[in-house]
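Me: Please take a close look at one part of this model for me. I would like to know how the strands pair and what packs around them.

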Amino acid sequence: MSATIESEITTAKPNQEVFSAILQELATEDRQIVVVTSDSRGSGKLVGFGQKLPEQIVEIGIAEQNLVGVSAGLASAGKRAYAVSPACFLTARALEQIKNDVAYSDNPVRLVGISAGVSYGPLGTTHHSLHDFAALRAINNMTIVAPADNFETEQAVRLSAKTDKPIYLRFGKKPMPLLNPDETSFEFGKGRVIKKGVDIAIIANGETVYPALQAAEKLQNEQGIKATVVSMHTIKPLDIALLGELANSTSAIITVEEHSVYGGLGEACASYLLQHGYKKPFKILGIPDEYTVTGSQTEILNHYNISEQGIAKEAIQLLQTV
């Protein structure tokens, strides 16, 4: 790991905190922005928002279906509504409302899934959102974004305020370092190349991009393997142009996500590549079809090789099949 990245992680913030800070800034300037929460202003880092802008926050209580329905109603009346709730509950309990009240009705609700993936750690499978990409990818008229670092989070929140279409933003709780401090461009549907290489492409999103970058540096320093690392922050619409470039320029592709191996980033990439003649080695690295082990987020991800060591090992094994 480079000294630059190591120094940045000590001062980085969780993406959820960046989301809250930027949203409060935007809401102060635009009184049409309204936050709707399901007893989650604390976990969503929105206490300060409520204190400063009490007339722009609505507390629904632990009622996710109502959360989405009310948000859709506000959006239909011209409000820029942000529905904030733990990702595991937002995308499971309120899936019908997301499908019908938001997407089908074309209400530009900003669905915000907090504490995503296995962020809740030892609370177990009931509190893990390992299904949200899969469920929402199958719904028409839905943009799905999982920012990797504070820069992507800030840009995603700012863009979402200008977007008049349904969108799902997914955030975790862990402090995330700036992956490319010189980066100034961000666009939904366009992946970010964090590191360039010629041997293998590692495509990740959300909080898995950082360990993917660590793994790429480990591979280069210890094995001489040069990996391209991509933050594919937007899962839908997928950056198929970049995906095609990676397929042509590297010998293998591995995808990494804090999600089930079914229906997420990996299967989205595999579907496109297979249907367009891709025949090189390909690996989806995520949570297998089982109830997760109990532990902290780090312990769970380490168990499933979603770590610097694990991703590097999986990449080496994949390249051995070339």
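Reply: Start with one pair of residues: valine 36 stands opposite alanine 83 in E3. This is a predicted model. The pairing behind that contact is between E1 and E3, which run parallel and share five bridges. E3 also pairs with E4, again in the parallel sense and over five bridges. There, serine 85 stands opposite glycine 113 in E4. E3 is mostly covered, with six of its seven residues buried.

Now widen the view to the sheet. Seven strands form an open sheet in the order E2-E1-E3-E4-E6-E5-E10, and the pairing is mixed. The edges are strand E2 (57-59) and strand E10 (234-236); each has a single partner strand, so one side of each is left without a neighbour in the sheet. On average, neighbouring strands here are turned by 20 degrees against each other, direction ignored. Further along the order, strand E5 (residues 143-145) and strand E6 (residues 167-170) run parallel, joined by three bridges. Valine 145 faces leucine 169 of E6 across that pairing.

What packs on this sheet? Helix H4 (residues 64-76) does, touching strand E1 (33-37), strand E3 (80-86) and strand E4 (110-114). The direction of H4 makes about 170 degrees with that of E3.

Next, a helix pair. Helix H2 (residues 15-29) packs with helix H8 (residues 150-162) at an angle of about 35 degrees, and their axes are 9 Å apart. The crossing of H2 and H8 is right-handed. From H2 come Asn15, Val18, Phe19, Ile22, Leu23, Glu25 and Leu26. They meet Asn150, Thr153, Glu154, Val157, Arg158 and Ala161 in H8. By class, the contact of H2 with H8 holds seven nonpolar, three polar and three charged residues.

There is a second sheet. It is open, has five strands in the order E7-E9-E8-E11-E12, and its pairing is mixed. Strand E7 (192-195) and E12 are the edge strands, each pairing on one side only. Neighbouring strands of this five-stranded sheet are turned by 25 degrees against each other on average, direction ignored. Inside it, E8 and E11 pair in the parallel sense over four bridges. Isoleucine 203 stands opposite threonine 255 in E11. H9 lies across E7, E8 and E9, and runs at about 170 degrees to E9.

Then the nonpolar cores. The largest has 33 residues, and Leu179, Ile200, Ile202, Val256, Ile306 and Ile311 touch the most other members. Elements giving two or more residues to this core include strand E8 (200-204), helix H9 (209-223), strand E11 (253-260) and helix H13 (308-319). H9 gives the most, with seven residues. Take isoleucine 306 as one case. Leaving out residues up to four places away in sequence, isoleucine 306 touches Thr208, Val256, Glu257, Leu285, Gly286, Ile287, Leu301 and Ile311. A second, separate core has 26 residues, among them Val35, Ile114, Phe151 and Ala161.

Last, a single residue for contrast. Alanine 270 sits in helix H11 (residues 265-275). Its relative accessible area is 22%, so alanine 270 is partly exposed. Lysine 13 is 257 residues from alanine 270 along the chain, and their C-alpha atoms are separated by 32 Å.

Conventions. Residues are numbered from 1 along each chain as its sequence is written. This is a predicted model: local features need pLDDT of at least 70, side-chain atom pairs count only at pLDDT 80 or more; totals for chains, interfaces and linings use all residues. Side-chain values use heavy atoms; hydrogens and water are left out. A nonpolar core is a set of buried Ala, Val, Leu, Ile, Met, Phe, Trp, Tyr and Cys residues joined through side-chain atoms within 4.5 Å. Buried means under 20% relative accessible area, exposed over 50%, partly exposed in between (1.4 Å probe, protein chains only). Contact means heavy atoms within 4.5 Å. Two strands pair if DSSP finds at least two bridges between them. Axes are lines fitted to C-alpha atoms, for helices over the stretch in contact, and angles run from 0 to 180 degrees between N-to-C directions. A crossing is left-handed if the near helix is turned anticlockwise from the far one by less than a right angle, and right-handed if clockwise. Ala, Val, Leu, Ile, Met, Phe, Trp, Tyr, Cys and Pro count as nonpolar, Asp, Glu, Lys and Arg as charged, and the others, Gly among them, as polar.
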